[in-house]
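Okay, thanks for coming, everyone. I'd like to walk you through one structure today, piece by piece. Let me put it up on the screen.

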Amino acid sequence: MEYVTLSNGVKMPKLGFGVFQISKEECEKCVLDAIKAGYRHIDTAQSYFNEEEVGNAISKCGIPREELFITTKVWIDNYGYENAKQSVLKSMDKLKTNYIDLVLLHQPFSDYYGAYHALQNLYEEGKIRAIGVSNFSPDRLADIAAFNKIAPHVNQVEANPLHQQVNAQENMLKRGVQMEAWAPFGEGKSNMFKNPVLKEIADKYDKSVAQVILRWLMQRNIVALAKSTHTERIKENFEIFDFQLSDEDMNKITALDTKSSLFFDHQTPETVDRFVNMIEERKGRI
């Protein structure tokens, strides 16, 4: 395993196992499979509806708690100081742990300032080892970093070969914020797994396209979240620490950047409307 060191000195595994869209029925087994394969970093969220199942896996896996790095995210409807604080304590109970390694604000909407102040408070109390944000564009990240006592330690954003976030990463580095990638495979959109450049590179190293993408992110010093519900794929995605991409191959992947999201742009009013609808759909479930 490779690690990054956050601005507060906390070590974070560079490769994590994400449980987005993994059902409650499958989640516990998948997390146990991931830990057995070697993963020590598990990423969940209040809005994934599987924190309890992640907690079950943590309690059953046999790995000392201090060797695991657990992340969750506060959902928008829990923003505001008191709501956010109570929601994190509730997440802690679901995860069956007395501290959480990293807590992020899931989206850059609503009263994220109040919520961030709650994270700072919990961090100072020792209940959270690191705090951060997710999906914050460079301007919003600059704002929350500048006007808070503690700048975010992490910003989790979409990052993959077709949407590389080079300028966003430069902004994060300037502010001491670690970049973390969700959807490193773009959920297979735009035929990413069949991309001829990525396939050629994968064949050269006798690796899969997914492994090449994860290796590329490791070499950009970006924490990456791999997700699968298939045991063999979970194992395969972890087997990325035995090779290095050449500078030439890194440059070939750099040339694939479209600078456009494969999902949606967080800076449009339509995206705000989308999340307002998601809040209504999820009321009472979190």
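Let's start in the sheet: Thr-72 stands opposite Val-103, which is in β6. One caveat before I go on, this is a predicted model. Back to those strands: β5 and β6 are paired in the parallel sense, and four bridges hold that pairing.

Now look at the side chains of β6. Leu-102 and Leu-104 point one way, while Val-103 and Leu-105 point the other way. Buried or exposed, these four? All of them are buried.

Zooming out, what do the strands build together? Eight of them close into a barrel, and going round, the order is β3-β4-β5-β6-β7-β8-β9-β10, with parallel pairing. If you ignore direction, neighbouring strands in this sheet are turned against each other by 25° on average.

Further round the barrel, β7, residues 131-134, runs parallel to β8, residues 154-158, and three bridges join the two. If you want to find that pairing on the screen, go to Gly-132, whose bridge partner in β8 is Val-154.

Next, the helices. Take α3, residues 81-94. With 14 residues at 1.5 Å a residue, α3 should span 20 Å, and its end C-alpha atoms are indeed 20 Å apart, so the two agree. Which residues of α3 are buried? They are Ala-84, Lys-85, Ser-87, Val-88, Ser-91, Met-92 and Lys-94. As a reminder, an α-helix has 3.6 residues a turn, so residues three or four places apart point the same way. Keep that in mind as you look down the list. The cover over these buried residues includes α2, β5, β6 and α4. And just after α3 comes Lys-96, with a positive phi of about 60°.

Since α2 came up, let's look at a residue there. Ile-58 sits in helix α2. Its relative accessibility is 9%, so Ile-58 counts as buried, the cut-off being under 20%. Beyond its neighbours within four places in sequence, Ile-58 is in contact with Arg-65, Leu-68, Ile-70 and Leu-95. For a sense of scale, Ile-58 and His-230 are 172 residues apart along the chain, and their C-alpha atoms are separated by 19 Å.

Just ahead of α2 there's a loop that comes after β4, and Ser-47 is found in that loop. Ser-47 has a relative accessible area of 6%, so this one is buried too. What does Ser-47 touch, leaving aside neighbours within four places in sequence? The contacts of Ser-47 are Trp-75, His-106, Arg-282 and Ile-286.

Last topic, the empty space. The largest pocket has a volume of about 980 Å³. Its lining takes in 40 residues, and those nearest the centre are Phe-20, Gln-21, Trp-182, Ala-183 and Glu-187. The elements giving two or more residues to that lining are β10, α9 and α11. Which of the elements gives the most? That's α11, with four residues.

As for enclosed space, a search of the whole structure turns up one cavity of 30 Å³ or more. The largest cavity holds about 30 Å³ of space, and the residues lining it are Pro-108, Asn-135, Ser-137, Arg-140, His-266 and Gln-267.

That's my tour, so let's open it up for discussion.

Conventions. Residues are numbered from 1 along each chain as its sequence is written. This is a predicted model: local features need pLDDT of at least 70, side-chain atom pairs count only at pLDDT 80 or more; totals for chains, interfaces and linings use all residues. Side-chain values use heavy atoms; hydrogens and water are left out. Buried means under 20% relative accessible area, exposed over 50%, partly exposed in between (1.4 Å probe, protein chains only). Contact means heavy atoms within 4.5 Å. The expected span of a helix is 1.5 Å times one less than its number of residues. Two strands pair if DSSP finds at least two bridges between them. Axes are lines fitted to C-alpha atoms, for helices over the stretch in contact, and angles run from 0 to 180 degrees between N-to-C directions. On a 1 Å grid over the protein atoms alone, a cavity is a set of points where a 1.4 Å probe fits but cannot get out, and a pocket is an open set with protein on both sides within 12 Å along at least five of seven lines; lining residues have an atom within 4 Å of a point. Grid points are joined across faces, edges and corners, and a volume is the space filled by probe spheres set on the points.
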